[in-house]
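Hello, and thanks for sharing this one. Here are some notes to read with the structure open beside you.

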Amino acid sequence: MLQLFLKGLYRGSISFGILLIISLSYKLQGQSDDSSVYFFYGLIAFFLGVTSVIYQIEQWSFLKQIFAHYMAMLITVFPTLLLSGFYPLDSFKDVFDVYLQFNKVGIILFLTSYFISYFFSRKNSNNSTSI
């Protein structure tokens with residue numbers, strides 16, 4: 001389990017490191033707004049990288065993996081979006097709208113990833129049976 005965590009930490013750190021360098025370069029050029037955008041993208045990429053290993057825990061069912069990943073995103077990415085300043089947060093409705101968008105994007109990304117993975121696994125299984 002520790003190896004999976006370290007693998008996720010490595011994945012997330014690479015993404016964060018690249019986006020942090022971009023963020024710092026914008027900051028040094030005096031473009032603070034662009035700098036903060038890349039910083040927050042880096043944080044989100046870090047969280048995605050760290051939690052990507054959830055799907056490699058073979059002892060867990062796919063449903064448990066999905067739930068664990070969603071909860072991890074809810075306690076990391078969602079607050080990051082709220083703190084980023086990307087969205088107006090003048091009322092509870094604004095926060096709820098961000099929550100809805102968070103879920104919509106999450107569903108789209110999940111389904112896209114799932115179908116890409118499904119088609120590649122089918123293609124690989126078809127290639128291995130024809131040899």
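1. Let's start at Gly12, which belongs to helix α1, a helix covering residues 2–28. The model is a predicted one, so please read every value below as computed from that model. Is Gly12 buried or exposed? With a relative accessibility of 0%, Gly12 counts as buried, because the cut-off for that class is under 20%.

2. What does Gly12 touch beyond its neighbours in sequence? Leaving out residues up to four places away, Gly12 is in contact with Ala45, Phe46, Gly49 and Val50. There is also a C-alpha to C-alpha distance to look at: Gly12 and Phe47 lie 6.3 Å apart in space, with their positions 35 residues apart in sequence.

3. Phe46 and Phe47 turn up again in an aromatic cluster. Its members are Phe16, Tyr26, Tyr38, Phe39, Phe40, Tyr41, Phe46, Phe47 and Phe86. In total, the structure has 21 aromatic pairs. If you work on ring interactions, this may be a good place to linger.

4. One of those pairs is made by Tyr55 and Phe62, with 6.3 Å from centre to centre and 50° between the planes, in a tilted arrangement. Tyr55 is partly exposed at 31% relative accessible area, and Phe62 is partly exposed as well, at 40%.

5. A further pair joins Tyr70 and Phe102: the ring centres are 6.2 Å apart and the planes meet at 45°, so this pair is tilted. Why does the pair tie together separate parts of the chain? Tyr70 sits in helix α3 and Phe102 in helix α4, so the parts tied together are 32 residues apart in sequence. As for burial, Tyr70 counts as partly exposed at 27% relative accessibility, whereas Phe102 is buried, with a relative accessible area of 11%.

6. Now for the largest pocket, which holds about 860 Å³ of space. Its lining has 26 residues, and the ones closest to the pocket centre are Leu48, His69, Gly106, Leu109 and Phe110. Which helices supply at least two lining residues each? They are α2 (32–51), α3 (62–84) and α4 (92–129). Helix α4 gives the most, with 13 residues.

7. What is the make-up of that lining by class? The count is 18 nonpolar and eight polar residues, with no charged residues. When you read these classes, keep in mind that Gly is counted as polar here and Tyr as nonpolar.

8. Stepping back to the whole fold, the protein chain has four helices and zero strands, and along the sequence the pattern reads α-α-α-α. Among contacts between residues at least 6 apart in sequence, 56% join residues at least 24 apart.

9. Finally, the overall dimensions. The protein chain has a radius of gyration of 18 Å, while a compact globule of 131 residues would have one near 14 Å. The C-alpha trace spans about 60 × 35 × 30 Å along its principal axes. Of the 131 residues in the protein chain, 24% are buried; Gly12, where these notes began, counts as buried too.

Key: Residues are numbered from 1 along each chain as its sequence is written. This is a predicted model: local features need pLDDT of at least 70, side-chain atom pairs count only at pLDDT 80 or more; totals for chains, interfaces and linings use all residues. Side-chain values use heavy atoms; hydrogens and water are left out. On a 1 Å grid over the protein atoms alone, a cavity is a set of points where a 1.4 Å probe fits but cannot get out, and a pocket is an open set with protein on both sides within 12 Å along at least five of seven lines; lining residues have an atom within 4 Å of a point. Grid points are joined across faces, edges and corners, and a volume is the space filled by probe spheres set on the points. Rings of Phe, Tyr and Trp (its six-membered ring) pair if their centres lie within 6.5 Å; planes under 30 degrees apart count as stacked, over 60 as edge-to-face and the rest as tilted. Buried means under 20% relative accessible area, exposed over 50%, partly exposed in between (1.4 Å probe, protein chains only). The radius of gyration is taken over C-alpha atoms; the globule rule is 2.2 Å times the number of residues to the power 0.38. Contact means heavy atoms within 4.5 Å.
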